[in-house]
Every structure is written in C-alpha cells, then in structure tokens.
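Colleague: I should be grateful for a close look at one part of this structure. Which residues are around ligand 2?

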Amino acid sequence: MQHLNVGMIGGGFMGKAHALAYAAMPMFFWPAPAIPVRHTIADVTADLAGDAAARFGFAHSVADWRRVIDDPDIHIVDIVTPNDSHPEIAIAAARAGKHVICEKPLARTAAEARAMLEAVEAAGITHMVAFNYRHTPAVALARQFIEKGRIGTILNFRGTYLQDWSADPNGPLSWRFQKKIAGSGAVGDIATHVLDMARYLVGEIAAVNAVTRTYVTERPVQNSGVDKLGAAQRLTGVPKAAVDVDDEVMTLLRFKDGAVGSLEATRNAYGRNNYLTFEIHGTGGSIVFNYERRDELQVMFADDPADRRGFRTIYTGPAHPFGEGLWPIPALGIGYGETKIIECHLFLQAIVQGRQPSPNFRDGWLTSLVADALLRSAESGGWIDIVP
Ligand code: NAI
Ligand code: SOE
C-alpha cells in the first residue's frame, strides 16, 4: 500500500485534530487509499515543534516551515497555522509540487485566496480546504435528501453559528481578534463554516446584506508565548490592547437559484458552545441540523400521511454517508475527530485518484468572496452582489 509523508505546519489546536486524523484514518477506512505518515512538523520555535512532534507522533521537527517545503521526501503539506501565513506557505508548497490541505478560512481576503487557487491550479497538485463540518454524516445525509429532490425546490436557508468563548471581556487577546493575522473576526472564523454549508446544500450565494458589531473593543494581552484561544481563561491586571475585528455578523442572503436565507454568527452568545445549525425549507419538506446534536438529522416530508406529519429524527449510522468506515451502531457518537478523519480520507482518496476533493481551494476562494462581501456590506449598509 502506498505511503504518503505529511509535513505539518503548526502544532496548535488544529495540529492536534489533523494529527489524530492521520493516525486514525486507516483504522476507520480500510483498505485506506494510502497510509499517511506523520513525517515532520514545523512550529515557530524548536521547543514548540519538538513538543508537538512528541505529542502528535511526528518523526521529525523543524523551527522553519521552509524546511518542510524543501524536503523532497514530503508529499503532503498540511497548513494549520493562523490565517495570515496560509497564502505564503500554500503557494510555496504548490510550487514545490506538494499536495496541500489548508485550514479555513483559506486566507484573510478573497484576493489572497485567489492567488492561492491560481498557484495550486498552475502546479496541478491536489488541494483541499478544511471545512470539516460538511463531512458530518448528518450534513452529508441532508445533501443526499436535497439531491434526490426529497424536499423539493429550496425556498430558504437559516444558518447560525453561535459560541460564547469570547463573551467575557477578560478573555485574552488571541490572534483571532487581530485583523492583521485573522483578517476578520466572526466573519472569517465561524460565519465561513455556515457559508460553506449553505453553498454545499443550497448553492452559490448571489448577494448579501449584513451588519457586524464589535462588543469588546480591547482585551488583556497574553505574555505566555503560546497564543491561547481564551475559552476558559480570564486575565486581569495586565495591559490591554485593541480588538480590530467583528464579534458578530448577521446577514440576509440571496442565492443564485432564487432561494433566500439568513445567517447569524457570534462568539459572544452566552450558553451557546458550538451551535452550528441550519434549517432548510423546500416545497416538499424541511431539514433541520444542529451540530451540538450532530448524530441527528430532523426531516419532515410534505407527502407524509396526514396523521403522521411532523419532524422525525434520524440517527446516523452505518446506513448513512461515511457509515461504512465509522461505528457499527447508530448514535454511538460522531465527534469532531470523526469529521477530521473523514476529511483526511477524502483528501487521500483524491490524491491517489489524481482529482480534486470537495471542498477544495476553489470552494475556499468562493467562500472568501462572500466573506469579503459581508464586511463590505456591513460598511456600506446595503446589498452587495457577489461576482466571481
Ligand atoms: P493555534 O493558535 O492553536 O495554533 C497555531 C499554531 O501554529 C501554533 O502552535 C503557532 O505557534 C503555530 N504557528 C504560527 N505561525 C507559524 C509559522 N509561521 N510557522 C509554523 N508554525 C506557526 O491555532 P488553531 O486554532 O490551531 O488555528 C489554526 C488554523 O485552523 C486557523 O486558520 C483557524 O482558523 C483554523 N481552525 C479551524 C477549525 C475548524 O473547525 N476547521 C478549528 C480551529 C481552527
Ligand atoms: C473558534 O471560534 C473556533 O475554534 C473556530 O476557529 C473554528 O473554526 C470552529 O470550528 C470552532 O471554533
């Protein structure tokens, strides 16, 4: 069986999730398309990279990502760094002929994402953007119902992504609050996940009309060296610095095919944790999903007998998308890790078959175009058309 050597750049939260997926993917999907080998991990210092290698099972560690790109033994470059470094690393990796998977958002702006797309297309390598939530079996099942016409013509989409990890003003100033690193706040960080779902399930978005708000305009500065997300942390009695990104975005959506929609994304909604939801109504039924109950998909079909009308709950399992590789009984529990294992499987399958997986850098760029439009609409106070 073919072995593919992975060079990972970044040893933080997503480094952990992707490393877990490389280790576990062949245990779930067998025969695996190829065996991913955790070859080298890079971080910004030798200590951070060394720790990450020991923890995540990489054979080698380096303190400069360029050494991963220059290593002829590496086949895959996995970019799990903050958003500002995605373009430079991805473009260098593509030019060196490596296959590339890059975390979301693909870049800080659509212009950066476009340059990345051009580089990977010119290089002819396989590329993927890590919008993993669409790989939740219940979400893929929703798409199957839609593709089979089971809910008819889609009328509307209501999407939310609500979290509360940044509601406390004493939560630290991580890179996610700094425009020069993140590009934007809730827009790029979490609204893009909902936009990816909307594109996957309903189709291209033609126009948006958005408002954004920043509720906490300065935050305590961390001095630990390792940037903490801030979910469970409060820092008091230390200097503060400015937040220059949005905390929340709300928008109306117009889809190219005529459907309408709405999206709300905030990291300041006390009591909501990873409340990534959608509700879709069609001429033939409705579909409801909530990531906090991700084993379940609720469906209602208009042609159900009159005395049985109402939502039913389907528990995903072996009969559903990706079920052949996951657990043998429905509702044993799909986790965040499983979505990354499925993502890894789809990526390696595409590499071995010499084609592009979904979502790839084109999807990443199209989503960035909508994210840019949200920010421009919030500034101008009106509808913005999305023109690819
Ligand atoms: P993090 O802050 O936990 O980890 C980033 C790591 O990259 C740190 O170890 C940092 O030292 C390292 N790093 C920074 N610049 C580097 C460079 N130039 N070279 C090598 N290493 C470098 O960040 P996290 O949460 O892992 O986020 C990384 C990316 O993943 C972001 O783009 C974020 O938006 C995305 N993300 C996606 C998620 C998803 O559900 N798909 C979930 C969380 C993050
Ligand atoms: C923080 O909002 C965060 O880690 C995002 O960066 C991820 O993309 C999301 O999946 C979970 O929350």
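Modeller: What follows is a description of the surroundings of ligand 2, and then of ligand 1. This is a predicted model, in which local features need pLDDT of at least 70 and side-chain atom pairs count only at pLDDT 80 or more, while totals for chains, interfaces and linings use all residues. Residues are numbered from 1 along each chain as its sequence is written, ligands are numbered from 1 in the order in which they are written, and side-chain values use heavy atoms, with hydrogens and water left out.

The residues around ligand 2 (those with a heavy atom within 4 Å of it) are Phe13, Lys104, Tyr133, Tyr161, Gln163, Trp165, Arg176, Asp189, Ile190, His193 and Asn274. Five of these are nonpolar, three polar and three charged; the nonpolar class holds Ala, Val, Leu, Ile, Met, Phe, Trp, Tyr, Cys and Pro, the charged class Asp, Glu, Lys and Arg, and the polar class the others, Gly among them. Helix H8 (residues 186-201) gives the largest share of this shell, three residues; a helix here is a DSSP run of H or I with at least four residues.

Oxygen atoms of ligand 2 lie 2.6 Å from a side-chain N or O atom of Tyr133, 2.7 Å from a polar side-chain atom of Gln163 and 3.0 Å from a side-chain N or O atom of Arg176. Of the 300 Å² of accessible area that ligand 2 has on its own, the protein covers 91% (Shrake-Rupley method, 1.4 Å probe).

Lys104 also belongs to the closest residues around ligand 1, and a polar backbone atom of Phe13 is 3.0 Å from an oxygen atom of ligand 1.

Key: A polar contact is a pair of N or O atoms within 3.5 Å; within protein, one must be able to donate a hydrogen and the other to accept it, and residues adjacent in sequence count only if both atoms are side-chain atoms. Helices (H or I, at least four residues) and strands (E, at least two) are DSSP runs, numbered from the N terminus.
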